[in-house]
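Colleague: Thanks for sitting down with me. Could you walk me through this one at bench pace?

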Amino acid sequence: MMITTRTFLLIALGILAILTLLFSLLHGTVWIRFDQFLSILLLHPDDPFLHQVIFELRLPRTLSAFMTGGLLALAGALMQVLLRNPLADPYILGISSGAATGALFCMVVGLGGVWITGGAWLGSLTAILLVLFLSRHKSSRSAARLLLTGIALASGLSALISFILVISPDPLLRGMVFWLLGDLDGARMPLVEACVLGGGLLISLCFANALNIFTHGEKQAQTLGMNVPRFQVSIYLLSSLFTATAVSLAGCIGFVGFIVPHLVRLMAGYDHRYLLPGSVLLGGSLLTLADTIARTLMAPQQLPIGMIMSLLGVPIFLVLLRYTHDSY
Amino acid sequence: MTHTDLLNVNQLTVQIGTKTLCRTLDLTIRPGEIWGVLGANGSGKTTLLHTLIGLHQPLSGTILLNNKLVTSLQPSHIATQMGIVFQENPTHFLQTVFEFCLTGRYPHMGLFGMPNSTDKEITHQALNMMGLADQHKQKMHTLSGGEKRRLALAAVLTQNPKIYLLDEPTNHLDLRYQHQVLTHFKKLAHENQASVIMSLHQIELVRQYCDHVLLLFENGNIKQGSTHNLLTETHLAKLYPGTFA
């Protein structure tokens with residue numbers, strides 16, 4: 001029975017999430033065995049060295065990776081429905097370009113730390129509001145108009161990003177490029193992001209059936225009783241909030257928001273009651289795994305997470321696409 | 001308008017671009033009536049149905065649903081009163097037949113739109129009526145064109161509105177299902193006092209199943225009346241130039 005299969009899939013993804021989180025906490029320059037981890041956790045909570053490695057160094061980064069992956073996957077799942085376009089991802093409407101412009105501007109004028117996060121937030125918020133304002137036409141906002149406005153704005157902001165990179169002094173460039181590719185170095189405990197992800201998932205689940213209806217088209221949704229303009233703005237603001245939160249936390253990590261909803265859809269079908277939590281769990285797991293590989297494969301040198309994410313995700317996606325569905 | 005009128009259209013003028021599709025239409029739909037909308041391709045049958053349900057803004061005129069302006073009603077309220085089957089078949093391939101059909105229950109579901117056992121039971125009944133009970137677990141992309149058409153009709157049956165707007169409901173259907181489907185809607189009209197407004201191209205089906213017809217001529221002129229009086233060769237010749245000469 002389909003319901004059982006989907007529930008089973010969610011349980012499996014939950015177990016995968018726990019395993020990848022554990023793997024990320026134990027794996028690194030210093031290897032920690034599982035029994036050592038349990039011992040630290042239960043018997044010797046004040047072992048200073050391992051305690052520091054696990055709880056101060058790895059836990060914030062591991063959780064940040066998971067939150068970022070979950071937020072981007074959730075935003076991607078919503079955006080693909082909102083734009084009714086399988087190619088949509090959280091960055092397609094220029095939110096990440098806005099965040100990048102804000103963050104890079106802060107870097108180039110010599111501001112660091114919390115200013116970069118704040119700049120990213122401000123940049124993404126500006127992009128969100130601009131798209132929302134410019135895509136409105138005669139009190140309605142079609143998916144095509146929203147998409148075209150977002151893409152145009154993203155292109156304009158990309159030009160601005162290029163300009164900032166061109167005029168930036170060499171010592172700043174490496175940090176800027178790493179931020180653009182996605183960077184979790186120096187991550188802090190993502191408490192705000194966890195609240196956004198948890199609360200956001202719950203709110204999104206309230207829209208699950210409406211999302212299912214909206215996949216049939218705007219006209220169909222309206223004749224079934226949906227207030228389409230209000231729904232579009234709600235979903236747009238939700239996915240934008242998730243994207244802006246993720247980008248502010250970890251920079252522009254590509255691909256996870258595009259591929260993960262497709263992966264879950266291929267395994268569990270389109271029902272958003274399963275698709276949304278499934279995307280959060282798989283997105284979080286994949287990005288946690290990608291980050292673990294990124295920081296350990298060529299240690300002490302760190303690799304861009306986005307690159308590892310794509311290397312991990314593409315083969316999985318292609319195999320699933322090849323063998324699971326004949327309806328794509 | 002009397003208290004029994006379901007839908008009352010006053011002086012409605014509908015345009016697409018600069019083309020006037022219907023001019024100053026006055027129309028009253030009462031419970032239990034079946035209306036056939038006839039006209040050549042491009043005469044505005046689909047646009048008129050879309051206008052009645054609020055998907056297209058008319059140039060002028062008013063549409064009253066149960067004595068209330070359609071434009072003043074929430075989409076959720078309109079959806080409990082009017083349901084539409086679009087001309088195109090549904091194309092959401094990743095859903096099962098049952099899942100798609102269940103979407104018709106959306107206007108009747110609670111705050112978060114979660115289906116209960118009654119919704120599921122009604123959906124099973126609708127699939128059964130449209131001859132799709134055995135395929136309820138199938139994915140939509142495995143259905144034929146005719147089966148998808150019956151699925152769209154089953155979905156509007158689960159919606160259970162008072163007025164059914166059916167845009168070419170017999171598209172893709174074989175002869176047996178054309179009659180089976182229209183017989184079912186006729187039964188709904190007579191037994192449940194539902195109203196049906198459907199655009200059709202088959203004159204014989206209109207004669208057989210519709211009590212009233214609305215003829216849309218190419219210049220935006222309209223004629224309406226009983227099927228018996230209006231479906232004459234003269235009118236049909238005007239409606240489809242060169243065909244009934």
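Colleague: Let's start with a strand. In strand β6 of chain B, which residues point one way and which the other way, and are they buried or exposed?

Modeller: Happy to, and please keep in mind that this is a predicted model. Strand β6 of chain B covers residues 82-85. M82(B) and I84(B) point one way, while G83(B) and V85(B) point the other way. As for burial, the word for all of them is buried.

Colleague: Which strand pairs with β6(B), and in what sense?

Modeller: A pairing is read from its bridges, and there are 4 bridges between β6(B) and β7(B), which spans residues 163-167. Within this pairing, G83(B) stands opposite Y164(B). The partner is therefore β7(B), and the sense is parallel.

Colleague: Which strands of that sheet in chain B stand at the edges?

Modeller: The sheet is open and has 6 strands in the order β6-β7-β8-β3-β9-β10, with mixed pairing. An edge strand has a single partner, so one of its sides is left without a neighbour in the sheet. In chain B that describes β6 and β10 (222-226).

Colleague: How much are neighbouring strands of this sheet turned against each other on average?

Modeller: Strands of a sheet pair through backbone hydrogen bonds, either parallel or antiparallel. For that reason the angle here is taken with direction ignored. The average turn between neighbouring strands is 15°.

Colleague: Which residue stands opposite L38(B)?

Modeller: Start from strand β3 of chain B, residues 34-39. Strand β3 runs parallel to β9(B), residues 212-216, and 5 bridges join the two. Opposite L38(B), in β9(B), stands L215(B).

Colleague: At about what angle does helix α1 of chain B run to β7(B)?

Modeller: Helix α1 takes in residues 45-52 of chain B. The helix lies across β3, β6, β7, β8 (195-199) and β9 of chain B. Its angle to β7(B) is about 155°.

Colleague: Over to chain A. Is A127(A) buried or exposed?

Modeller: A127(A) has its place in helix α5, residues 114-134 of chain A. Leaving aside neighbours within four places in sequence, its contacts include G94(A), I95(A), G98(A) and L157(A). The C-alpha atom of L157(A), 30 residues apart along the chain, is separated from that of A127(A) by 9.0 Å. With a relative accessible area of 2%, A127(A) is buried.

Colleague: Which residues is T223(A) in contact with, leaving aside its neighbours within four places in sequence?

Modeller: T223(A) is in helix α10, residues 218-223 of chain A. Its relative accessible area is 5%, so T223(A) is buried. The contacts are I53(B), L55(B), A79(B), M82(B), I84(B), F86(B) and Q159(B).

Colleague: What kind of pair do the rings of F214(A) and F231(A) make?

Modeller: The structure holds 5 aromatic pairs over all chains. For F214(A) and F231(A), the ring centres are 4.9 Å apart and the planes are at 45°, so the pair is tilted. F214(A) lies in helix α9 (208-214) and F231(A) in helix α11 (228-250), so the pair ties together parts 17 residues apart in sequence. Both residues are buried, and the kind of pair is tilted.

Colleague: Which residues form one aromatic cluster with F214(A)?

Modeller: One member is F231(A), the ring partner of F214(A). The cluster also takes in F207(A). Alongside F214(A), then, the residues are F207(A) and F231(A).

Colleague: At what distance from the ring centre does R150(B) lie over the face of Y177(B)?

Modeller: Chain B has charges placed over ring faces, one of them K238(B) over F217(B), at 5.9 Å from the ring centre. R150(B) lies over the face of Y177(B). The distance there is 3.6 Å.

Colleague: My gel question: how many disulfides does a search of the whole structure find?

Modeller: Take C210(B), which at 5% relative accessibility counts as buried. The sulfur of C210(B) is 18 Å from the closest cysteine sulfur, in C22(B), which is too far for a bond. Over all chains, the number of disulfides is 0.

Notes
Residues are numbered from 1 along each chain as its sequence is written. Chains are lettered from A and ligands numbered from 1 in the order in which they are written. This is a predicted model: local features need pLDDT of at least 70, side-chain atom pairs count only at pLDDT 80 or more; totals for chains, interfaces and linings use all residues. Side-chain values use heavy atoms; hydrogens and water are left out. Buried means under 20% relative accessible area, exposed over 50%, partly exposed in between (1.4 Å probe, protein chains only). Two strands pair if DSSP finds at least two bridges between them. Contact means heavy atoms within 4.5 Å. Axes are lines fitted to C-alpha atoms, for helices over the stretch in contact, and angles run from 0 to 180 degrees between N-to-C directions. Rings of Phe, Tyr and Trp (its six-membered ring) pair if their centres lie within 6.5 Å; planes under 30 degrees apart count as stacked, over 60 as edge-to-face and the rest as tilted. A charge sits over a ring if NZ of Lys or CZ of Arg is within 6 Å of the ring centre and within 35 degrees of the ring normal. A disulfide is a pair of cysteine sulfur atoms within 2.5 Å.
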